[in-house]
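Colleague: I would like a close look at one part of this model before I plan my reading of the rest. Please take your time over it and connect the details as you go.

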Amino acid sequence: MTDLPHVSLAALEAGLVNRDTENKRKPNVLLLYGSLRGGSRSRMLTLEAARLLRAMGAATEVFDPSDLPHANPEFAGDPRVRELRELCNWSDAQVWCSPELHGSITGIMKSQLDWLPLELGSQRPTAGRTLAVMQLCGGDQSYNAVNQLRLLGRWMHMIVIPSQLCVPRCDKQFDAEGRMLLSRYYDRLVDVLEELVKFTLLLRDQRSHLADRYSDRIRRHD
Ligand SMILES: Cc1cc2nc3c(=O)[nH]c(=O)nc-3n(C[C@H](O)[C@H](O)[C@H](O)COP(=O)(O)O)c2cc1C
């Protein structure tokens, strides 16, 4: 099975692939998805996004949420929790992809985010990192999950890019090998990821400047 994104050859030949990452340190992108199910469509979409990001010159890590304990400070030393937090620190940017269940993001998705504290010692693990949000629907297109992810990203002081993706009728959008079929949703996925890479390259070196706040400075001064 090829690991190349569908766009690679045709788009490369036509000069349609964005080259912003050339001659720059690769942007590190952490991708999270919100399902444990075998055959999960949100996992498929996340892996497709990772392929595209690598083709755009990014380094990617996809976190597997199985075996992650529920958020509980007593388990903060768990190896899977440490792995998730280290990946968060490594990332310049993140992609969060949740299916919509009962009009909401999944508990699995939220549990991962609840392990990423706003403050950890003197650090703000998520502040200033760029974020793209995506969701899948079993039915018609709706925006409940992306709206919630966007709100969570803002709450965690991340820079949520304007573009987002919602894939409706998600059981019809992937082939038997788990590859996303070409469609306007696939094109939209490329748009979202290109935008994420652009924002990340523009902002990642400004992260500590953007996260520097008057209220924190006076608190440290007291
Ligand atoms: C309990 C339950 C509730 C669901 N609620 C919604 C919903 O509110 N809106 C929707 O579009 N799809 C809904 N679905 C469909 C799922 O989004 C769809 O099956 C999706 O593929 C599940 O994600 P996964 O493939 O990554 O496991 C629901 C599915 C289940 C099992």
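How far is the sulfur of cysteine 97 from the closest cysteine sulfur, and which cysteine holds that closest sulfur?

Modeller: The model is a predicted one, and in it the sulfur of cysteine 97 has its closest cysteine sulfur in cysteine 170, at 9.5 Å, which is too far for a bond. A disulfide is a covalent bond between the sulfur atoms of two cysteines. The cut-off used here asks for a pair of cysteine sulfur atoms within 2.5 Å, so the 9.5 Å from cysteine 97 to cysteine 170 does not qualify. Cysteine 97 is also buried, with a relative accessible area of 0%.

Cysteine 88 can be read in the same way, since the closest cysteine sulfur to its own is that of cysteine 97, 18 Å away and again too far for a bond. Cysteine 88 is likewise buried, its relative accessible area being 0%. A search of the whole structure agrees with this reading, as it finds zero disulfides.

Two further buried residues can be set beside these cysteines. Asparagine 28, found in strand β1, which covers residues 28-33, counts as buried at 12% relative accessibility. Once its neighbours within four places in sequence are left aside, asparagine 28 is in contact with Ala59 and with Trp90, Ser91, Asp92 and Ala93. Valine 192 lies in helix α6, which spans residues 184-203, and counts as buried because its relative accessibility is 0%. Its C-alpha is 8.6 Å in space from that of proline 162, although valine 192 and proline 162 are 30 residues apart in sequence. Not counting residues up to four places away in sequence, valine 192 touches Ala132, Ile161, Ser163, Gln164 and Leu165.

The ligand completes the picture. There are 14 residues around the ligand, and Ser35, Arg37, Ser40, Ser42 and Glu100 come nearest. By class, this shell has four nonpolar, seven polar and three charged residues. An oxygen atom of the ligand is 2.7 Å from an N or O atom in the side chain of serine 35, and for the side chain of serine 42 the corresponding distance from a ligand oxygen atom is 2.6 Å. With glycine 103 the partner is a polar backbone atom, 2.8 Å from an oxygen atom of the ligand. Taken alone the ligand exposes 630 Å², of which the protein buries 67%.

Notes
Residues numbered from 1 in each chain as written. Predicted model: local features only at pLDDT ≥ 70, side-chain atom pairs only at ≥ 80, totals over all residues. Heavy atoms only, no water. Near = heavy atom within 4 Å. Polar contact = N/O pair within 3.5 Å; in protein donor to acceptor, adjacent residues only side chain to side chain. Areas by Shrake-Rupley, 256 points an atom, 1.4 Å probe, with all protein chains shown as cover. Nonpolar A, V, L, I, M, F, W, Y, C, P; charged D, E, K, R; others polar. Buried < 20%, exposed > 50% of the residue type's maximum accessible area, 1.4 Å probe, protein only. Helix = DSSP H or I, 4+ residues; strand = E, 2+ residues; numbered from the N terminus. Contact = heavy atoms within 4.5 Å.
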